[in-house]
Amino acid sequence: MAQLLTIEDLRIQAKRRVPRMFYDYADSGAWTEGTYRANETDFAQIKLRQRVAVDMTNRTLASTMVGQSVSMPVALAPTGLTGMQHADGEILAARAAAKAGVPFTLSTMSICSIEDVAQNTDAPFWFQLYVMKDRDFIGRLIGRAKAAGCSALMLTLDLQILGQRHKDIRNGLTAPPKPTLANIINLATKPRWCMGMLGTKRRSFGNIVGHAKGVGDLSSLSSWTAEQFDPALSWDDVKWIKERWGGKLILKGILDAEDAELAVQSGADALIVSNHGGRQLDGAVSAIAALPGIVEQVGGRMEVWMDGGIRSGQDVIKAVALGARGVLIGRAFLYGLGALGEEGVTRCLDIIRKELDVTMALCGLRDIQDVDARILVKGKA
């Protein structure tokens, strides 16, 4: 096996091992994919100041995110269908995150259920919530996250309606997936993935099937999800969810300063500057480009994080320098999971940690808490 030294190395390996429809689901954006690409490429425009002859010993990346100690300011983002990148994917990713000392976030649209992940892991994890029209189901979902000991709730605000994702349509990615000839032929070339899936019972949306009214199997799931995402979601719903949850609340999907102000007023603990990985509004600004304005708007009244385009430790330090308290990685850890399962997620986090540590040192700093815009070349932020 070739040496896996970068997140790109993991991506190439995952593309070889994961069936096309599930790889494309993870590695694609909406419409022209312009915003998806900008999330990555805009990081390259930000230049760092190299410093020399300064003490680089005794470095630390330790921080906190919503009061929780983290070994570095990185968390695993909620990603749908994680258990289709690799059998039992959510459980494996949660274990790798716990081992690395960073938070894992379980998606509402996960394959392994909340209870399943809680039973098969030791560390508390975060739970991400989509708001459905069936408020009774949402209330029970919040209750299940509480019962499982989830330490924070992440409410995604930018998926009231689904963006145009052409690759998913062309690949027949539905619930259940369409057994087209092309898909069947492609599956035949992924024996390792197929053997893994044959060896697990976790193959449907564990948080929904058997829990939502009228959804007893995969065949009824597709129509339910198509009808359930709530286009009427409002800040009143955020208030209801905050009261119902009663714990740490994180709002994901903020890309505009006006919405950031409303997020502050909601009383949530953190917001995530995010465009859903470029999977919703194509033509929107990249997350890293939106970050400074939102940090300025919030003015320290709540924690500001970001996600979208993080592919290295250098990307992490650039986000922190621009005011992010932490970042979330989605595709980066999915590449690791698809490539090597739990070991691949561990490899992903090790790669990011090493790059973050070395970059911080070469910028002349020893503590991630001291990183700010001083490490950036002026006019390039």
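The following questions and answers concern helix packing and sheet order in a predicted model.

In this predicted model, local features need pLDDT of at least 70 and side-chain atom pairs count only at pLDDT 80 or more, while totals for chains, interfaces and linings use all residues. Residues are numbered from 1 along each chain as its sequence is written, and side-chain values use heavy atoms, with hydrogens and water left out.

User: How do α1 and α15 stand to each other: roughly parallel, roughly antiparallel, roughly perpendicular or oblique?
Analyst: The axes of α1 (residues 7–17) and α15 (residues 331–340) lie 7 Å apart at an angle of about 50°. Angles run from 0 to 180 degrees between N-to-C directions, with axes fitted to C-alpha atoms, for helices over the stretch in contact. Under 35 degrees counts as roughly parallel, over 145 as roughly antiparallel, 65 to 115 as roughly perpendicular and the rest as oblique. The two helices are therefore oblique.

User: Which residues of α15 does α1 meet?
Analyst: Contact means heavy atoms within 4.5 Å. From α1, Ile-7, Leu-10, Arg-11, Gln-13, Ala-14 and Arg-17 take part. Their counterparts in α15 are Ala-332, Tyr-335, Gly-336, Gly-338, Ala-339 and Leu-340.

User: Which strands stand at the edges of the open sheet?
Analyst: Helices (H or I, at least four residues) and strands (E, at least two) are DSSP runs, numbered from the N terminus, and two strands pair if DSSP finds at least two bridges between them. The 8 strands follow the order β3-β10-β9-β8-β7-β6-β5-β4, with parallel pairing. A single partner strand each, so that one side lacks a neighbour in the sheet, marks β3 (74–76) and β4 (105–106).

User: What is the bridge partner of Lys-252 in β8?
Analyst: Strands β7 (residues 249–254) and β8 (residues 270–273) pair in the parallel sense over 4 bridges. The partner of Lys-252 in β8 is Ile-272.
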